[in-house]
Amino acid sequence: MNSHLVTAGDVNETADGMRELVHVTENALDRNDAIKTIDEALYSRQLYVMGREAQLRMGASNVLIIGLNGLGVEIAKNVILAGVKSVTLHDDLPVTMLDLASQFYLSEASVGKPRATESLKKLAELNPYVSVRCHSGEITEDVLLDFRAVVLVNASLKEAVRIDTLCHAHSIAFIATEARGVFGSVFCDFGDEFIVADQDGVEPVSCLISSISNSAPALVTVNDDTRHDLETGDLVSFREVVGFPFLNGSKPRKVTVTGPFTFTLDVINDDDKKRFELGRPSTGGYVTQVKQPLVTKFKTLEKTLAAPGEFLVSDFAKLGRSELLHVAFQALDAFREKHDGNNPEPGCMQDAEEVCTLAFEINKRCAASNQFSVENIDAADSKKIICALAAGATGVISPMAAFLGGVVGQEALKACSGKFTPIQQFFYFDAVECLPDAVFAGNTDEFAPTGSRYDGQIVVFGRKVQEDIKDLNMFLVGAGAIGCEMLKNWAMMGVASNENGIIHITDMDTIEKSNLNRQFLFRSKDVQQAKSSVAARAIKAMNPDINVQAYVSRVGSESEDQFNDDFFESLSGVCTALDNVEARLYMDQRCLFYGLAMFESGTLGTKGNTQIVVPHKTENYGASRDPPEKSIPICTLKNFPNAIEHTLQWARDWFEGEFFQAPSDANRYLEEPTFLKGLDEQQNTKLETLERLKSSLVDDHPKSFEDCISWARFKFEDLFSNQLKQLLYNFPLDQRPPTPISFDPNDALHMDFIVSVANSRAKNYCLKGHTDRDTFVEVLAGIHVPEFAPKKGVKIAASDAELKESNATTGLVDVDAQSEFILKELPKPLTLAGYRMQPVEFDKDDDSHMEVITSVSNLRARSYKIPEEDMHKSRFIAGKIIPAIATTTALVTGLVCFEFLKVYQNKPLKDYKNGFVNLALPLFTFAEPIEPKSTKTMLKGEEYKWTAWDRLEVDQGDMTLKDFLTYFENQYDAEVTMLSYGVTILYAMYSQKSRSKERMAMTISDLVRTVTKRPVDPKLKYLILEVCAMDGDGEDVELPYLRYHYRQQK
């Protein structure tokens, strides 16, 4: 066996910084022992998808990848980023120019050298925890024994059967995959028996119980705030159930679902039936789903070729396509075997016909042997698909490599981790709608390689499509995970590689350590640098032909001077790689206005979605929206929490109020002369704000760190004892009453609160803190905490409606009188000249902040008998972190690029696909985009149909109002009844003033300035006007907006 090991230490340019950043020790790099710890800072977003156990199992797994073309390197990248123990690369074939259209770690200088060794160094840079090595020579049985998973890329069927047979015999997971033009295939064999620990990665359902009946079977009703989402046959466990104590901590029970909020419990035997009937009808307690492992069974490739069973469907609009491709891929392999390993000549219909003939023969032979076969395989539509596969089989294109690389990468990780359901066993995918009609014309010259780095794409799409791609001007908004993958795809495809093409990238963020796990263009040396700039340099290194310009700007109204009319009018399209809806909606409006295609995608763990927006063909992004996220009722947060999400939100609100809002208010009081005047306009919060000011600057102003410890101790008593005692005094609760907590310095959670809160308080006042718990205990021993005495007359709202009513009656209190009293005790700003507090704004990635959040949340949870969570899970919930993995990100960008290729060939609506994928299940669904809604009206005696993409254009220079009205009537045979600019009416037929001689003589731009009393931005090319009009019969004419070119276009 011939191998060369590369670790982070061999990668001189990035290793030192990366090792320091992720704390890689020699023990951590010991490849003979699985890594026992997980670097949460590096893998944080992935851990929220995979979980600790799965991550540890991956960290103990060795993976072999055979074949380092564009698809192979995608798989290797994804598996290495995920953090397996080691990846071994095998590919002794020499690099050719065909590889450069998808293999991003090769260059012209690599041509003629082995693909694996040429890719090794850059792949090793991706993750210092993963050893990456090359194996040269034959893949024998002894070689395979070292691996948990083996991935075979674009190999012959004979070789796939050989390696799979060996792997199956030793329970080594085997995955074979092929990328052939716009067609792809995946085969998985994880052995005779493979246990899936978690089928879907969804958190077990947990609900508050509303009632349990004393009947057999017992009917369980959950709180109507949340559906239980259980299915019949699921197992559940119980805790804190009062009337049926035998349920608590017992073995999981099967359920039969009877409704979205109800289910019955299966009765085990007669004794069990009696226990239920003797039980006391009960409310309260929790029911939690108990997830069960899934045992899956696989057969070898040799057996499943003849009897594949059920295929994983990639597109329900193409039912029967998987069956056809199952035979077609075998026919393509037969062609290569017959022609010394060569694929059909690109674009050659004669070779394609031969593949069809082979497919017909294979199908006929299988049918005669009662093996798998396809009906009507010789039909014209089926034959066209086989020809398309044959015509482009030579090329491995970047979109297919990205898509399949995500799918196969995740399958390899499933094999290593036991997390998520694997493909059983065949999966076929195609994007045949992308192909130009020229593919079937038989013109081989159009698809012949030219000796360029784009030959791998030219042999699939032809020279014309390639030249069109080179001239594009694209705007990529966001250079995070999706942005990095998209830029890599575009670089491989040659987007904007001609001198008149350019890719604009903008992202206001800088690189953080947690980005390195999936934003693969970045390295440790790039941390704290601008994402857009580093990403631009990285793709320029991948393909020096690419023209790219980076910006560090947020897209929005504040950057419209930079991204102005000229900028957007120069673009061919926009790709959004954003993490918030607000920015997406803004870009949607820009694309709508400038008539640009918008390529939209997003991920959430193993889930991914894509949406294509094409001017005049599809609806725009903002035409349909998801419902708003359900908010937590305020009274639930304040007084009646029943889930950890409630206590974490409460903890975050408290943190921001104490450590950010209070110091910020104090600074504004000291800095802004008008601050107190502004409070007069906020009567509902005025008194509360002044009380905070007095606390911050007078009553609780610490002089030493010991004062901060004392403040933390009193806060503990107030939050977790006194407030709860007051609540119980107001509401003697029968069910789930909170338990006030008595402070105990020997309780680690109690001390976590004191230490973290005292140190945060010290930061506010620029005092030096520490974490010596022995010193804390000494200080705490000297603090006297008064006994609680309930306050009479305190009103606590039991619902949001009561709270609203309470707020409405706040005015009955003499706020001004109380405020005046507090103001007299506040120091004058001049007496504290130069003094400022230090606000601490919550940052989910700052452990000192999360220590406060976690301790506050868990203490409140303990009071309300809610299961507590560690900092990792608390960070996820409180920080509203979007879980992310590299595989899903790569996959969605591949799908987007298929749509990209359709747009710039002007494909019809029926060819476009919006996609949704869940790699955990796995599930693939696609749908044709929705057409834009249209409005019909009569204009000039004919029907006028328009959509959100349409507008009226007036490009006659800056006209007077009189000339404009005349022009409009002549042009559209309709009389303007009202003309407005934004919310301002410029002209109204019924208004004598707007019809005055003075107004009529004004140019439209002067009219806007006069009526709005604001200058018109001199950089604007257009004024956006709304027109109301009526036809000659006096009927209203409904029209789109009007774009008025007030600067004459040259």
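In the unreviewed UniProt entry, residues 881-901 carry the annotation "transmembrane region". In this predicted model, that span is 76% helix and 0% strand, and its end C-alpha atoms lie 33 Å apart. The same kind of record also marks an "active site" at Cys635 and a C-terminal domain, and both are worth a look alongside the overall fold.

**Annotated sites and regions**
- UniProt, in an unreviewed entry, puts the feature "active site" at Cys635, a residue that sits in helix H21, which runs over residues 634-638.
- Cysteine 635 counts as buried because its relative accessibility is 4%, below the 20% cut-off.
- The annotation "domain: Ubiquitin-activating enzyme E1 C-terminal", again from the unreviewed UniProt entry, covers residues 912-1042.
- Over residues 912-1042 the chain is 20% helix and 37% strand, and the C-alpha atoms at the two ends are 30 Å apart.

**The chain as a whole**
- The protein chain holds 35 helices and 32 strands.
- Its radius of gyration is 34 Å, close to the 31 Å that the globule rule gives for 1050 residues, so the chain is as compact as a globular protein of that length.
- Taken along the principal axes, the C-alpha atoms fill a box of roughly 95 × 95 × 65 Å.
- Of the 1050 residues, 55% are buried.
- The chain exposes about 45800 Å², and carbon and sulfur atoms supply 50% of that area.
- If you look at contacts between residues at least 6 apart in sequence, 73% of them join residues at least 24 apart.
- There are 111 positive and 150 negative charges, and their mean positions are 2 Å apart.

**A buried helix residue: isoleucine 386**
- Isoleucine 386 belongs to helix H12, residues 380-391, and it is buried because its relative accessibility is 0%.
- Leaving aside residues up to four places away in sequence, isoleucine 386 touches Leu324, Ala328, Val355, Cys356, Ala359, Phe360 and Ile377.
- One of these partners, cysteine 356, is 30 residues away in sequence, with a C-alpha to C-alpha separation of 6.1 Å.

**A loop residue and a cis proline: aspartate 266 and proline 217**
- Aspartate 266 is in the loop that links strand E13 (262-265) to helix H8 (270-278), and with 30% relative accessibility it counts as partly exposed.
- Apart from residues up to four places away in sequence, aspartate 266 touches Arg253, Lys254, Val255, Thr256 and Asp272.
- The C-alpha atoms of aspartate 266 and alanine 216 are separated by 8.4 Å, though the two residues are 50 apart along the chain.
- Alanine 216 is joined to proline 217 by a cis peptide bond, with omega about 0 degrees.
- Proline 217 lies in the loop between strands E9 (206-212) and E10 (219-222).

**Other backbone details to check**
- Another cis peptide bond joins leucine 921 and proline 922, with omega about -15 degrees.
- Proline 922 is in the loop between strand E23 (914-918) and strand E24 (923-927).
- Glutamate 240 is not a glycine, yet it has a positive phi of about 60 degrees.
- The loop between strand E11 (235-239) and strand E12 (253-259) holds glutamate 240, which is partly exposed at 29% relative accessible area.
- Histidine 616, also not a glycine, has a positive phi of about 70 degrees.
- Histidine 616 is placed in the loop between strand E22 (607-613) and H21, and its 47% relative accessibility makes it partly exposed.

Methods: Residues are numbered from 1 along each chain as its sequence is written. This is a predicted model: local features need pLDDT of at least 70, side-chain atom pairs count only at pLDDT 80 or more; totals for chains, interfaces and linings use all residues. Side-chain values use heavy atoms; hydrogens and water are left out. Helices (H or I, at least four residues) and strands (E, at least two) are DSSP runs, numbered from the N terminus. The radius of gyration is taken over C-alpha atoms; the globule rule is 2.2 Å times the number of residues to the power 0.38. Buried means under 20% relative accessible area, exposed over 50%, partly exposed in between (1.4 Å probe, protein chains only). Contact means heavy atoms within 4.5 Å. Accessible areas come from the Shrake-Rupley method with a 1.4 Å probe; for residues, only the protein chains shown count as cover. Lys and Arg count as positive and Asp and Glu as negative; His and the chain ends are not counted. The place of a charge is taken as NZ of Lys, CZ of Arg, CG of Asp or CD of Glu. UniProt positions are given in the numbering used here, feature names are shortened, and annotations may be inferred rather than shown by experiment.
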